[in-house]
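Got the structure open in your viewer? Let's walk through it one selection at a time.

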Amino acid sequence: MKNPLFIGSAVAVVTPFTDSGVNYPVLEKLVEFQIQGGTDAIVVCGTTGEASTMPDDEHIAVIKFVVEATKKRVPVIAGAGSNDTRHAIELSKAAEAVGADGLLSVTPYYNKATQKGLYGHFKVIADSVKIPVILYNVPGRTNLNINPETIQALAEIDNIIAVKECNLGQVGDVVNLCGEDFSVYSGDDNVVLPVLSMGGKGVISVMANIIPKDTHDMVAKFFAGDIKGAIRQQLQTLNLIKALFSEVNPIPVKAAVNLLGFEAGLCRMPLTELSDGNLALLRSEMKAYGLL
């Protein structure tokens, strides 16, 4: 029996930066905002957290800080993936050592491994730690898909317990092949309800950075049997989601967090500031949603 790390909404939290490093006081405020908003888990140093621009010492320091800030109130899931298997193992061990409750491990990008290579990559990572591992399948960023049969094989490894799935077309196949013990989480905010309807257990969310309660409530309503309420909540988020993805993530959501007054700073290069037109769109949709 594989117990899920969480059921509901996990936020893929942004990392607030200054010119010289991480803005830890703001990060603490963001963690508290999420917990008070009902977020079920916090994913730190993922794509939205700009982990790809963080040197290892900073990466691990941020994980450690979030672990300490949550005070065990919600699980902390650490992004620890890499397209270099040895590097992924090092990050995974370090994240475990500073108290992460689980790992989010992304499909190797650029190398474009075979399915055999993907199996081997994730297996040795999982074997190197004792904490649970969530696979992260995001073909839109990696140009590589973890096929359902490969996920099925990986699901037989004791501590590989879930997948963050961004390939909606294969969610049903993954659920059918892996069974109820294996957790499938939506990796896209605009299709949370479709994933839940096919046996998913929640979402790892970008929009939860600014609407943690609504994102949590949407999933909670579904599991409480209020399907109409959950659908209504999902539909109400769609225009906001479009604005949050008007440019590559996390450019818009970081701007949105700043508009809420959190002073999260800018994205690190090569990401740039949100364009004036898309900033106006974002501001308009946030006002329409009642956030500003």
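Start by selecting α2 and α3: these two helices pass each other in a right-handed crossing. Bear in mind as you look that this is a predicted model. The axis of α2 and that of α3 (residues 85-97) come within 10 Å and cross at roughly 35 degrees. Now show the side chains where they meet: Asp56, His59, Ile60 and Ile63 on the α2 side, and His87, Leu91, Ala94 and Ala95 on the α3 side. Colour that α2–α3 contact by class and you get five nonpolar, two polar and one charged residues.

**Next stop: the other partner of α2**

Keep α2 (residues 56-70) on screen and add α1 (residues 24-36); the two pack at an angle of about 45 degrees, with their axes 10 Å apart. That angle makes α1 oblique to α2. The crossing of α1 over α2 is right-handed. To see the contact, pick Tyr24, Leu27, Glu28, Val31 and Ile35 from α1, then Glu58, Ala61, Val62, Phe65, Val66, Ala69 and Thr70 from α2. Sorted by class, this meeting of α1 and α2 has nine nonpolar, one polar and two charged residues.

Stay with Glu28 for a moment, a residue of helix α1. Is Glu28 buried, exposed or partly exposed? Its relative accessibility is 42%, so Glu28 counts as partly exposed. If you'd like to try the distance tool, go from Glu28 to Leu154: they are 126 residues apart in sequence and 35 Å apart in space, C-alpha to C-alpha.

**Two unusual backbone spots**

Some background first: most residues other than glycine have a negative phi, and most peptide bonds are trans. Now select Glu50, in the loop between β2 (41-44) and α2. Glu50 isn't a glycine, yet its phi is positive, about 60 degrees. With a relative accessible area of 3%, Glu50 is buried.

Then jump to Lys72, in the loop between α2 and β3 (76-79). Lys72 isn't a glycine either, and its phi is positive at about 65 degrees. Is Lys72 buried or exposed? Lys72 counts as exposed, at 62% relative accessibility.

**On to α7**

Select helix α7 (residues 171-178) and highlight its buried residues, Val171, Val174 and Cys178. Try looking down the helix axis: these residues cover an arc of only 65 degrees around it, which puts them on the same side of α7. What covers them? Switch on α6 (148-155), β6 (160-165), β7 (183-186) and α8 (192-197), which are among the elements that cover the buried residues of α7. Right after α7 comes Gly179, with a positive phi near 80 degrees.

**Two cis peptide bonds**

Head for Pro250, in the loop between α10 (227-244) and α11 (251-259). Zoom in on the peptide bond from Asn249 to Pro250: it is cis, with omega near 10 degrees. Next, move to Pro270, in the loop between α11 and α12 (276-289). Here a cis peptide bond joins Met269 and Pro270, and omega is about 20 degrees.

**Last stop: α10 and α12**

Which way do the helices on either side of these loops run? Show α10 and α12 together: they pack at an angle of about 160 degrees, with their axes 9 Å apart. α10 and α12 are therefore roughly antiparallel to each other. The crossing of α10 past α12 is left-handed. From α10, select Gln236, Thr237, Asn239, Leu240, Ala243 and Leu244; they meet Leu281, Leu282, Glu285, Met286 and Tyr289 in α12. By class, the contact of α10 with α12 has seven nonpolar, three polar and one charged residues.

Finish on Ala243, which sits in helix α10. How accessible is Ala243? At 0% relative accessibility, Ala243 counts as buried. Leaving aside residues up to four places away in sequence, Ala243 touches Pro252, Leu281, Leu282 and Glu285. For one more distance, go from Ala243 to Asn278: the two are 35 residues apart in sequence but 7.2 Å apart in space, C-alpha to C-alpha.

How values were computed
Residues are numbered from 1 along each chain as its sequence is written. This is a predicted model: local features need pLDDT of at least 70, side-chain atom pairs count only at pLDDT 80 or more; totals for chains, interfaces and linings use all residues. Side-chain values use heavy atoms; hydrogens and water are left out. Axes are lines fitted to C-alpha atoms, for helices over the stretch in contact, and angles run from 0 to 180 degrees between N-to-C directions. Helices (H or I, at least four residues) and strands (E, at least two) are DSSP runs, numbered from the N terminus. Angles under 35 degrees count as roughly parallel, over 145 as roughly antiparallel, 65 to 115 as roughly perpendicular and the rest as oblique. A crossing is left-handed if the near helix is turned anticlockwise from the far one by less than a right angle, and right-handed if clockwise. Contact means heavy atoms within 4.5 Å. Ala, Val, Leu, Ile, Met, Phe, Trp, Tyr, Cys and Pro count as nonpolar, Asp, Glu, Lys and Arg as charged, and the others, Gly among them, as polar. Buried means under 20% relative accessible area, exposed over 50%, partly exposed in between (1.4 Å probe, protein chains only). The arc is that of the directions from the helix axis to the C-beta atoms.
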